[in-house]
Amino acid sequence: MDAIVADDVHKRYGEIEALDGVSFAVRGGEVFALLGPNGAGKSTTVRVLTTLTKPDSGSATVAGHDVVRHPNRARSALGYVPQDSGIDREATGRENLMLQGRIYGMRGSELKRRVDELLELVGLADAADRIVRGYSGGMKRRLDIALGLVHRPSVLFLDEPTTGLDPEARVAMWEEVQRLAAQESLTILLTTHYLEEADQLADRLAIVSRGRIIVEGTPEELKRGLQGELVTVDLQNGQAGDAVAVVERFEGARETAADGQQVRTRVPNGAQAIPALLSALEGAGIAVASVATSRPSLDDVYLHYTGREFSADDAEGQA
Ligand SMILES: Nc1ncnc2c1ncn2[C@@H]1O[C@H](COP(=O)(O)OP(=O)(O)O)[C@@H](O)[C@H]1O
Ligand SMILES: [Mg+2]
């Protein structure tokens, strides 16, 4: 049973093709990440799925409800935590939650019980009656999440839940999200432009770039798909072209490329390859400054499928 399905969703803003045929499915109970650089189309995807904007074409369902034909049914089954917080900073955490509950038509003791439960759930019980202005970044973000959960949705959308948080608060939020997924039996779709976040948090993820899904799978599957370890050789002086020629001839070396004084390649086993690789370079009269191996990361996955560096795309999207 799929909790979220997007099928060939297109969305255009004037000249900009924000979504160029987005398709993916999220199973019930999964934590699924849309990982992509700034401007990739993550928020637009979430806005279509949460009924806040209509797709130009394609279809989507949340908890089995078509988001275009039955937006009210979809809305009652989903919770949405936007990228930019909707909290009233001059009210208390409890007041914010009570108001949100009333918007969803909840009243009286049922609402009070749910608010107490949520404050407990996101660790804000002690701060419930303090004005939000004095909350830390992490506390505000946890209140945002509680707001999205008031009406007991089965599917929760978190748009960049940890952007702007310091590294410590970010790790705490990952634990929070995993706990929520289990305790509230939620399906969670989150967006992020942090590779590490998708790696740590997501059961499965889809990489989004320029309005398209590039690849999807578990973090492990995506990295394993690259087959092999990255070997990076730093040269003492500029002979990268000659070094590439030597490395390319090496048994099992793939995707060999030069970048300034650096040569990168992929081999099935880095530790095994390095001694022979170094002596081959030495034999060709090429002086090596240092050599390192690394297991494939999601950065490598992105580079492999798009031919571009994630960080460069992210900076470009921000401009
Ligand atoms: N309301 C809008 N009007 C015009 N362009 C938009 C609007 N919303 C998004 N876009 C554009 O669509 C593209 C995707 O944006 P978005 O979905 O916000 O990306 P992300 O959330 O991955 O950073 C970007 O080029 C962005 O500038
Ligand atoms: Mg966004």
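Biologist: Which element gives the largest share of the shell around ligand 1?

Modeller: Happy to start there, with the reminder that this is a predicted model. The residues around ligand 1 include Lys-42, Ser-43 and Thr-44, and helix H1 spans 42-49. Strand E2 (16-27) also gives two or more residues to the shell. The largest share, three residues, comes from H1.

Biologist: How do the residues of that shell divide into nonpolar, polar and charged?

Modeller: The shell runs through Tyr-13, Ile-16, Ala-18, Pro-37, Asn-38, Gly-39, Ala-40, Gly-41, Lys-42, Ser-43 and Thr-44. Gly counts as polar here, so Gly-39 and Gly-41 fall in the polar group. Lys counts as charged, which places Lys-42 in that group. The division is five nonpolar, five polar and one charged.

Biologist: Which residue has a polar backbone atom 2.7 Å from an oxygen atom of ligand 1?

Modeller: Three backbone contacts are worth a look here. For Ala-40, a polar backbone atom is 3.2 Å from an oxygen atom of ligand 1, and for Gly-41 the value is 3.0 Å. The 2.7 Å contact belongs to Gly-39.

Biologist: How much of the accessible area of ligand 1 does the protein cover?

Modeller: Start from ligand 1 on its own, with 560 Å² of accessible area. Of that area, the protein covers 62%.

Biologist: Back to H1: how many of its eight residues are buried?

Modeller: The buried residues of H1 are Lys-42, Thr-44, Thr-45, Val-46, Val-48 and Leu-49. Two of these, Lys-42 and Thr-44, are also among the residues around ligand 1. H1 is mostly covered, and its buried residues number six.

Biologist: Which residue with a positive phi follows H1?

Modeller: Helix H1 covers residues 42-49, so the place to look is after that run in the DSSP assignment. The phi there is positive, near 70°, and the residue is Thr-51.

Biologist: Let's turn to the surface. Which residues form a nonpolar patch with Leu-99?

Modeller: Leu-99 sits in helix H3 (residues 93-103). Because patch residues need over 30% relative accessible area, Leu-99 passes at 49%, which counts as partly exposed. The patch has about 310 Å² of accessible area together, and the partners of Leu-99 are Ile-103 and Tyr-104.

Biologist: Is Arg-114, which meets Glu-117 in a salt bridge, buried or partly exposed?

Modeller: The two side chains meet at 2.5 Å, N to O. Both residues lie in helix H4 (residues 108-121), three residues apart, about one turn of the helix. Glu-117 is partly exposed, with a relative accessible area of 37%. Arg-114 has 1% relative accessibility, so this residue counts as buried.

Biologist: In which helix do Asp-144 and Arg-141 lie?

Modeller: These two form a salt bridge, with their closest N and O atoms 2.8 Å apart. Asp-144 is buried, and so is Arg-141. They are three residues apart, about one turn of the helix, and that helix is H5 (residues 137-149).

Biologist: What is the N to O distance in the salt bridge of Asp-259 and Arg-264?

Modeller: Asp-259 is partly exposed at 43% relative accessibility, and Arg-264 is partly exposed at 22%. A salt bridge is counted within 4 Å. The side chains of Asp-259 and Arg-264 meet at 3.8 Å.

Biologist: And how many salt bridges does a search of the whole structure find?

Modeller: Besides the pairs above, a network of salt bridges links Arg-27, Glu-30, Arg-204 and Glu-216. For the whole structure, the search finds 26.

Terms used:
Residues are numbered from 1 along each chain as its sequence is written. Chains are lettered from A and ligands numbered from 1 in the order in which they are written. This is a predicted model: local features need pLDDT of at least 70, side-chain atom pairs count only at pLDDT 80 or more; totals for chains, interfaces and linings use all residues. Side-chain values use heavy atoms; hydrogens and water are left out. A residue is near a molecule or strand if one of its heavy atoms lies within 4 Å of it. A polar contact is a pair of N or O atoms within 3.5 Å; within protein, one must be able to donate a hydrogen and the other to accept it, and residues adjacent in sequence count only if both atoms are side-chain atoms. Accessible areas come from the Shrake-Rupley method with a 1.4 Å probe; for residues, only the protein chains shown count as cover. Helices (H or I, at least four residues) and strands (E, at least two) are DSSP runs, numbered from the N terminus. Patches are made of residues with over 30% relative accessible area and no salt bridge: like charges are joined within 9 Å, nonpolar side chains (Val, Leu, Ile, Met, Phe, Trp, Tyr) within 5 Å. Buried means under 20% relative accessible area, exposed over 50%, partly exposed in between (1.4 Å probe, protein chains only).
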